[in-house]
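Me: Got a minute to go through a model with me? I'd like to start with some helix packing and then jump around a bit.

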Amino acid sequence: MRKGETNASDMAGGVLQRNNIHLAACEPGTVSATLRALRESPKTAAAKTKFILATDGQTLEAEDLTSGETIASGYSDFAQHFGFFLPLAGISTVKEIKNNPIDVRATGRLNKLYVELLKDNPEWATEARRHDLNHFMARLIFCFFAEDTDIFPGGKLFTRTIEQMAEREGGNTHEILGTLFRAMNVKHSERASASLPRWSNELPYVNGGLFSGSTDVPRFSRMARTYLLHAGQLNWAQINPDIFGSMIQAVADEGERGALGMHYTSVPNILKVLNPLFLDDLRAQLEAAGSNPRLLLNLRKRMAKIRVFDPACGSGNFLVIAYKEMRAIEADINRRRDEPDLHTAIPLNNFRGIELRDFAVEIARLALVIAEYQCDVLYRGQRLALVEFLPLDAKNWITCGNALQLDWLSVFPPTGSGVRVVSDDLFQTPLDQAEIDFENEGGETYICGNPPYLGSTWQSPEQKSDLKTIFERRTTSWKSLDYVAGWFMKAADYGTKTDSAAAFVSTNSICQGQQVPILWPLIFAVGSTIEFAHTSFKWANLASRNAGVTVAIVGISHHERKTRRLFSAGADGSVIAKEVDYINAYLIAGPDVIIAKMAQPIQGLASMDFGNKPVDGGHLLLTSDEVDALGLSPEQNARFIRRIYGSAEFIRGLQRYCLWIEDQHLDEALRIASIQRRIDSVRTIRLASRDSGANAMAARSHQMREMNIGQKQTIVMPCVSSEARDYLPVGLVDQRSTVTNLAFALYDAPLWNMALIASRLHLVWIATVCGKLETRYRYSNTLGWNTFPVPVLTEQNKTDLTRCAEDILLAREAHFPATIADLYDPDQMPENLRRAHERNDEVLERIYIGRRFRNDTERLEKLFDLYAKMTGARTTTKKARKTVL
């Protein structure tokens, strides 16, 4: 290829294969420079190459131009990177990231450097030194950013100095970096006496504690030096300040290295919290002010006093975005007032937070400093931004600690304007953080963030203790609450002392099921109401691994407002916003009611009971083989054996049987040795139990605790089922079958009851008022079935619904032996079964409102309204006004 006409390379010793790779052999010691030349070659771009590669026969460097990932190795280790080049063979190992953001590329290169440093400096991976390595990485990133944004004079000053002064083998790289760091902590007037080499004098004095303290640097190998230079070759001016801290965390957190999506919250998602919390109101005031100088000035003064508080701030994403958005509004004000060069009136230390991890605290401070500089460049110009940026100060306005244990009023009092605590090191956390104080007379406080969720099952003893401190004097049921509930309660308490509003991202479970009657009456009792909410949606992140979790956003305050805003996701992905008079604890524009358990159905429905609990140690339940092993005659089998269903048996078609012995047949059963042995085993287990109820049951060890079975039929509803299905897996079994306590049963109930349970209406009711077990639907008879509001049904209504249930059963039967799990797989549901369910939904929904509901939100609004009327609860909701955003 090198001498052929198809080689389009413009590099000496180069080979270019169109659509694949541009590579070049080079002189010893020039690999990095050659790789850079390959990257900058016009032929590389014109030929749409995927990779560039340079080698001098001793070392090798390559870059994937699609992902931005790089490798560096000894030439003899080339084969170890086989997987890196698989795309050349048409094999993609990682899904391509659209518009591959510079943030993700930078994180990938930092990962390589971090891992390489740990190979040669294993002691830096210990608990004692890990913090030092994290600090080192933060310093590096600041330097990369500073050299690409003219904070450091001359293009690529930092990277160029390392490339020129550090030995190619990496031996003295740590000394060069240590000298550069030390220089940035010495004022220019003092450098002559500091014995610094001349080549370090071009770097400015940074101060602010960023380069104070230890300048110890880990030792570098040749490969580590190469990866350091690879990172410096990116254009760090394009780094988003809101991702700055998350990027460092993604590198520094062991076990999550490179998983940027574990930490970073995308800007659109953050704005779902901040916009309705306060930014929309500021923009509306800006619009109303027009060009009126007095109104614009008043708005600017108001913004100067607004404080944003994130009590679970991580590396500062929410605070950074809030700052940037407010600076954008302020810039518009200044433009309209013809004051474009005016220094910002928005103090950086009005954006504060609490974070448990000390390193994240430090990065949050640094990320805000970077955001301030970028905003100054954008709105006031590079010259003014540079004049005022350095030196940094060392104010500590992010608190390190446990947000659920700290007194928020002490950390973030309603008034105050200065920062009392100033440290010698930006990375030093003051011990007495209650001394942090801020004067801000007349300002508003907005609390926001994305606190840790953690359901009760996954909470550590320390986290349980946190919730106990907050809730034990308010309720005895606090152990069932998600961890995030602590932030909502503390925000509501904070609102009783100062003019504030709060909004948090949360798992939707705090607005569903058993947590609603525990948490929300406590929040409402201190005067808070729900001001706005985003109903359930996927919280997806901008990351190479774009993971998402289903969440809700809830905003609360003590303000009395005429309307609230309720946001939901449309079928096409748009966001639907409705102005409503009230939002209840279930995030429904419905009456202010909390669904309580009921002993009996609300409106003439059949009774639903738990199935039969064996309490048998497994001796009354049998597999098919165990039934055969009993050696029963056909007559005995018919008399003593029944098919039995729990959730798994009913949904997945598993075969399970039970001994079913009526009292009048006990003597006959005891004469069968195989059955008598099982009855004796049950008696032994029940007598040995510490449960007095089980002891009492030993007297009838031939039977389960309950002995309920339908004389004609039984409608079966499993207790737990997958949330992926479009309908609940309700069904029918015959008179020779019964159910365990892992399912609910309607014995000999009219078939139209099944039509209700099989409807979309009932599914959304259950999902809302019963909640979920992990992510699965958790059914409840007392909370879900007995409370389900149904209009008075005519005999014709019941006949129509009966026919719908029959059609569903017939559609299933047509696909025998397919199981419920097979039939209700959302991607493979048979068309005739789907049509039967659609017909059932249409018939039922016309009974409610004379037409089909438009969506689940409308279904729930109707159900809550009907529930309130049927139970005598107060109705506060009027017709909502809807807009599509």
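Me: At roughly what angle do the axes of α27 and α29 cross, and within what distance do they come?
Reply: This is a predicted model, to say that up front. In it, the two axes cross at roughly 165° and come within 8 Å.

Me: Ok, and what does that make α27 and α29 to each other, roughly parallel or roughly antiparallel?
Reply: Roughly antiparallel, because the angle is roughly 165° and anything over 145 degrees counts that way. The crossing of α27 past α29 is left-handed.

Me: Which residues make the contact?
Reply: On the α27 side you have Asn797, Asp800, Leu801, Cys804, Asp807, Ile808, Ala811 and Arg812. They meet Asn832, Leu833, Ala836, His837, Arg839, Asn840, Val843, Leu844 and Ile847 of α29.

Me: Let's stay with α29. How many residues does it have, and what does it reach from first C-alpha to last?
Reply: α29 covers residues 831–849, so that's 19 residues by the DSSP run. End to end it reaches 26 Å, close to the 27 Å expected at 1.5 Å a residue.

Me: Which of its residues are buried?
Reply: Leu833, Ala836, His837, Asn840, Asp841, Val843, Leu844, Glu845 and Tyr848. Residues three or four places apart in an α-helix point the same way, because there are 3.6 residues a turn.

Me: And what do those buried ones pack against?
Reply: Five helices are named there: α24 (752–757), α25 (760–769), α27, α28 and α30 (856–871).

Me: How does α29 sit against α30, then: at what angle, and how far apart are the axes?
Reply: The angle is about 50°, with the axes 11 Å apart. That makes α29 oblique to α30. This crossing is left-handed. From α29, Glu845, Tyr848 and Ile849 meet Arg859, Lys862, Leu863 and Leu866 of α30.

Me: What comes after α29?
Reply: Glycine 850, with a positive phi near 80°. Helix α17 (residues 516–525) has a glycine just after it as well: glycine 527, whose phi is positive at about 105°. As for α17 itself, Val516, Ile518, Leu519, Trp520, Leu522 and Ile523 are buried.

Me: Switching to backbone oddities. Which non-glycine residues have a positive phi?
Reply: Lysine 48 is one of them, with phi near 55°, and aspartate 338 is another, near 60°. Lysine 48 lies in the loop between α2 (42–46) and β3 (51–55). Aspartate 338 is in the loop between α11 (317–336) and β7 (351–355).

Me: Are those two side by side with solvent, I mean buried or exposed?
Reply: Exposed. Lysine 48 has 63% relative accessibility and aspartate 338 has 66%, so both clear the cut-off of over 50%.

Me: Where are the cis peptide bonds?
Reply: One joins leucine 390 and proline 391, with omega about -5°. Another runs from phenylalanine 816 to proline 817, omega near 10°. Proline 391 is in the loop between α13 (382–389) and β8 (398–400), while proline 817 is in the loop between α27 (795–813) and α28 (820–823).

Me: Last one, cysteines. How many disulfides does the structure hold?
Reply: Zero. Cysteine 143 is buried, at 0% relative accessible area. Cysteine 719 counts as buried too, because its 13% is under the 20% cut-off.

Conventions. Residues are numbered from 1 along each chain as its sequence is written. This is a predicted model: local features need pLDDT of at least 70, side-chain atom pairs count only at pLDDT 80 or more; totals for chains, interfaces and linings use all residues. Side-chain values use heavy atoms; hydrogens and water are left out. A disulfide is a pair of cysteine sulfur atoms within 2.5 Å. Buried means under 20% relative accessible area, exposed over 50%, partly exposed in between (1.4 Å probe, protein chains only). Helices (H or I, at least four residues) and strands (E, at least two) are DSSP runs, numbered from the N terminus. The expected span of a helix is 1.5 Å times one less than its number of residues. Contact means heavy atoms within 4.5 Å. Axes are lines fitted to C-alpha atoms, for helices over the stretch in contact, and angles run from 0 to 180 degrees between N-to-C directions. Angles under 35 degrees count as roughly parallel, over 145 as roughly antiparallel, 65 to 115 as roughly perpendicular and the rest as oblique. A crossing is left-handed if the near helix is turned anticlockwise from the far one by less than a right angle, and right-handed if clockwise.
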